[in-house]
Amino acid sequence: MQATEDAAPAARSGTPGDGARRAALRAVAPGTGDAPGSTGSAGGTAPARSAGSRRTPGPLDETTLVVRAQDGDVHAFAELARRHQDALFRVAYRVLGQRADAEDALQEALIDAWRRIGTFRGDAAFSTWMYRIVTHRCTALLRRRRHTDPLPSDDGPGAHLLAGTGTPERSAEVDAEMAALAQALTTLPDEQRTCWVLRELEGLGYTEISQITGATETAVRGRIHRARTALAERMRAWR
């Protein structure tokens, strides 16, 4: 396995070094709003497109972008990251509950994905492969902070789950309920929390969640069932 990963684009001739890779990924970091190759207030300037770039006018299909990224094209990978970063960040935020942690997990996941792009074989969708990497990063971060008290979300109670809507009174009620749910989620085992978020908040199917987590579909169903049962008990007061 290690030998396969070592064959990722970083080892190919003409592939940018780690500093260039990080610069390219910063160009598509959450919140910058900048497309690859543009100048943003938070990320600086992404690598300029050379006259010999293989990019062509108009959007490229994902398969073509993956092939080009595997051949060392950092612009192709930056476009893949741009297309998927919102969904990946949303999952990281909902699993971790904190924006700063979610940004760190996503950034590291993108760097990891660039290093390992050569190992992607298309056995599952590229989005599934990316979900797998970012959820593994989230799990690792959760395990590191397991013995510390969870900090409140920096966007307000339950903001990473659902924003309140309607009248101010209804919004306050929804915010309070989401805060209670966010707190309840922190009590779930990491694997249950991840599966529940992917199913209930992202709407993914059991088969895809199985591919993302590496657990059997039966195990995924069991984790989600146990998570639902535990959350229903903890949210009893809100029924």
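Helices (H or I, at least four residues) and strands (E, at least two) are DSSP runs, numbered from the N terminus. The exercises below concern a predicted model, in which local features need pLDDT of at least 70, side-chain atom pairs count only at pLDDT 80 or more, and totals for chains, interfaces and linings use all residues. Residues are numbered from 1 along each chain as its sequence is written, and side-chain values use heavy atoms, with hydrogens and water left out.

**Exercise 1. State how many helices and strands the chain has, and give their order.**

Step 1. The chain has ten helices and two strands.
Step 2. Read from the N terminus, the order of elements is α-α-β-β-α-α-α-α-α-α-α-α.

**Exercise 2. Find where the pLDDT is below 50 near the start of the chain, and give the chain's mean pLDDT.**

Step 1. pLDDT is the predictor's confidence in each residue, from 0 to 100.
Step 2. Its mean over the chain is 76, and 66% of the residues reach 70 or more.
Step 3. Residues 1-17 have pLDDT below 50; this stretch has 30 contacts in the model beyond near neighbours in sequence. A contact means heavy atoms within 4.5 Å.
Step 4. Residues 27-53 also stay under 50, and the model gives them 39 contacts beyond four places in sequence.
Step 5. Where pLDDT is low, the predicted coordinates should not be read in detail.

**Exercise 3. Describe the salt bridge between D112 and R115, and say how buried or exposed each residue is.**

Step 1. A salt bridge is a side-chain nitrogen of Lys or Arg within 4 Å of a carboxyl oxygen of Asp or Glu. By this rule the model has ten salt bridges.
Step 2. In the pair D112 and R115, the closest N and O atoms are 3.5 Å apart.
Step 3. Both residues lie in helix α5 (residues 99-116), and because they are three residues apart there, about one helical turn separates them.
Step 4. Buried means under 20% relative accessible area, exposed over 50%, and partly exposed in between (1.4 Å probe, protein chains only).
Step 5. D112, at 13%, is therefore buried, while R115, at 41%, is partly exposed.

**Exercise 4. Work out which parts of the chain the salt bridge between R90 and E202 ties together.**

Step 1. The side chains of R90 and E202 meet at 2.9 Å, N to O.
Step 2. R90 belongs to helix α4 (residues 74-96) and E202 to the loop between α8 and α9, so the pair ties together parts that are 112 residues apart in sequence.
Step 3. R90 has a relative accessibility of 35% and counts as partly exposed; E202, at 14%, is buried.

**Exercise 5. Describe how helices α8 and α10 are placed, and which residues make their contact.**

Step 1. Two packed helices are described by the angle between their axes and the distance between the axes.
Step 2. Axes are lines fitted to C-alpha atoms, for helices over the stretch in contact, and angles run from 0 to 180 degrees between N-to-C directions.
Step 3. The axes of α8 (residues 190-201) and α10 (residues 217-234) come within 8 Å and cross at roughly 90°.
Step 4. The helices are therefore roughly perpendicular (65 to 115 degrees; under 35 is roughly parallel, over 145 roughly antiparallel, the rest oblique).
Step 5. On α8 the contact is made by E191, Q192, C195, W196, R199 and E200, and on α10 by V220, R223, I224, R226, A227, R228 and L231.
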